[in-house]
Amino acid sequence: MIEERFDAIVVGAGMAGNAAALTMAKHGMKVLQLERGEYPGSKNVQGAILYADMMEKLVPEFREEAPLERHLIEQRFWMMDDRSHVGMHFRSEDFNEERPNRYTIIRAQFDKWFSSKVREAGATVLCETTVTELVRDDRGRVIGVRTDRRDGEIHADVVVLAEGVNGLLGTRAGLRDRPAPDSVALAVKEMHFLPRETIEARFNLKGDEGVVIEAAGTISRGMTGMGFIYANKECISLGIGCLVTDFQRTGQTPYGLLDQFKRHPSVSPLIAGSEVKEYSAHLIPEGGYKSIPQLYGEGWVVVGDAAQLNNAIHREGSNLAMTSGRIAAEAISLVKARGEPMNATNLSIYKKRLDDSFVIKDLKKYKDLPPLMHTHSQNFFLTYPQLISKAMQNFVRIDGTPKAEKEKATLQSFVKARSWTGLLGDVYRFARAWR
Ligand SMILES: Cc1cc2nc3c(=O)[nH]c(=O)nc-3n(C[C@H](O)[C@H](O)[C@H](O)COP(=O)(O)OP(=O)(O)OC[C@H]3O[C@@H](n4cnc5c(N)ncnc54)[C@H](O)[C@@H]3O)c2cc1C
């Protein structure tokens, strides 16, 4: 056992772990952060969009220092069938602001930089160290961790579990259930390298302007899932993910979907001639509010993806991770400053503050959407995209058919596919889940 004792041990050096370790170190706590990867970021897969507001609360000067790719001036939403897409774009010069709101980043580079700030703040960061289990005292309180290093038991007043979506440690310790296959998506991602000017020409960008495309529809073959395309400086991140349970049910494969997505006529010209240098796969927690486990206990708290804090509807994860890490760390620092024990009663401040934040408010708002999307995935991800695409084609194609006849044909196609009760039911269920 290592004799040295810490105020806090943070397991994981992703967004949540870094936010927690940095905040506690800034509060003068003695922090040890353990990361199984060769370096922070080496195990992390993300599209990736960074949300500036949450980052600014942790490192106000990050815009000048961090490895950022492009600031986003445009967001595209595509509803796709096999040959077309119906799009909604929002592009604004307002996003060319002094302090941009969102950036694309490459996690392997960004996490390394973020970790350097954690070290600067005074935390000890140990990589290539896997935490294998939590150590408890005879009353069941968590008092430290055991690692895969020799003499690898280390004690602390509190352990912050920021181990990501798999949450093996928390599951093994009986603090949470294993994520159910219908509450996690499996996403695959590729990085397509192209000259900077080519990316800017293809996406209509100049300088460091960026664009993201979120895509849904028949690309997921009726499964609950989405694709994404993010423009970086000299590469394009492109990926797709669907619920694990849907892959199990349909026998579809993630790389099969990715291949089809890349070959789609709306996508292939964007990546034509690119060199693929990276391929990765990762889980994303998508169960929403109803899948959040117990967030604190005797000597421990759980943050980020490990706590299932991910807003699949808005494709936000890293900001919830950073915010939960920061709030947990502030709560711990407060308990420490008061000289009180890190027991469940005192650590419950974390949950109270998280409940008051956008993290839980947003997840609560959408609590019924993930199950609705899943149970009606054939309609939302197959039938409607096909119908909407046909309706748009009918609308824009000029072929001498009177407009009234076109509208009637479109309406009939919807009623034929879903029936009046089906259509009204879908609208009602969706509106109820969205409110
Ligand atoms: C393909 C994809 C695209 C995404 N796109 C976006 C996006 O554009 N914007 C966004 O906001 N979010 C996005 N997300 C979600 C986002 O990546 C996560 O929400 C975020 O990374 C969660 O941070 P975290 O710190 O909780 O977990 P992670 O970033 O997964 O970090 C967990 C860390 O813990 C380490 N670890 C695990 N177990 C142990 C152990 N036993 N001992 C030591 N270390 C351990 C891991 O190596 C890892 O470094 C995306 C996710 C994926 C998969």
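Which of the 36 residues around the ligand come nearest? In this predicted model, the answer is Glu35, Ile49, Arg107, Asp305 and Ser318.

**The ligand and its shell**

Three backbone contacts with the ligand are set out below.

| Residue | Backbone partner | Ligand atom | Distance |
|---|---|---|---|
| Ala16 | polar backbone atom | oxygen | 2.9 Å |
| Ile49 | polar backbone atom | oxygen | 2.8 Å |
| Val131 | polar backbone atom | nitrogen | 3.0 Å |

The ligand would expose 1,000 Å² if taken alone, and the protein buries 95% of that area. Two or more residues of the surrounding shell come from each of helix H1 (15-26), strand S3 (49-51), strand S13 (225-231), strand S15 (275-285) and helix H10 (318-337). Ile49, already listed among the residues that come nearest, also offers a polar backbone atom to an oxygen atom of the ligand.

By residue type, the shell comprises 16 nonpolar, 13 polar and 7 charged residues. Both domain 1 (5-67 + 105-177 + 290-366) and domain 2 (184-285) supply at least three residues to the shell.

**Internal cavities**

The protein also contains 2 cavities of 30 Å³ or more. The largest cavity has a volume of about 50 Å³. Its lining includes Glu286, Tyr289, Asn310, Ile313 and Pro370, and the residues of this lining divide into 6 nonpolar, 3 polar and 1 charged.

The second largest cavity holds about 40 Å³ of space. Among the residues that line the second largest cavity are Leu161, Arg176, Gln294 and Trp300. The lining of this second cavity consists of 5 nonpolar, 2 polar and 1 charged residues.

Note on methods: Residues numbered from 1 in each chain as written. Predicted model: local features only at pLDDT ≥ 70, side-chain atom pairs only at ≥ 80, totals over all residues. Heavy atoms only, no water. Near = heavy atom within 4 Å. Polar contact = N/O pair within 3.5 Å; in protein donor to acceptor, adjacent residues only side chain to side chain. Areas by Shrake-Rupley, 256 points an atom, 1.4 Å probe, with all protein chains shown as cover. Helix = DSSP H or I, 4+ residues; strand = E, 2+ residues; numbered from the N terminus. Nonpolar A, V, L, I, M, F, W, Y, C, P; charged D, E, K, R; others polar. Domains from an automatic or database assignment. 1 Å grid on protein atoms, 1.4 Å probe; cavity = no way out; pocket = protein on both sides within 12 Å on 5 of 7 lines; lining within 4 Å. Points joined across faces, edges and corners; volume = space filled by probe spheres on them.
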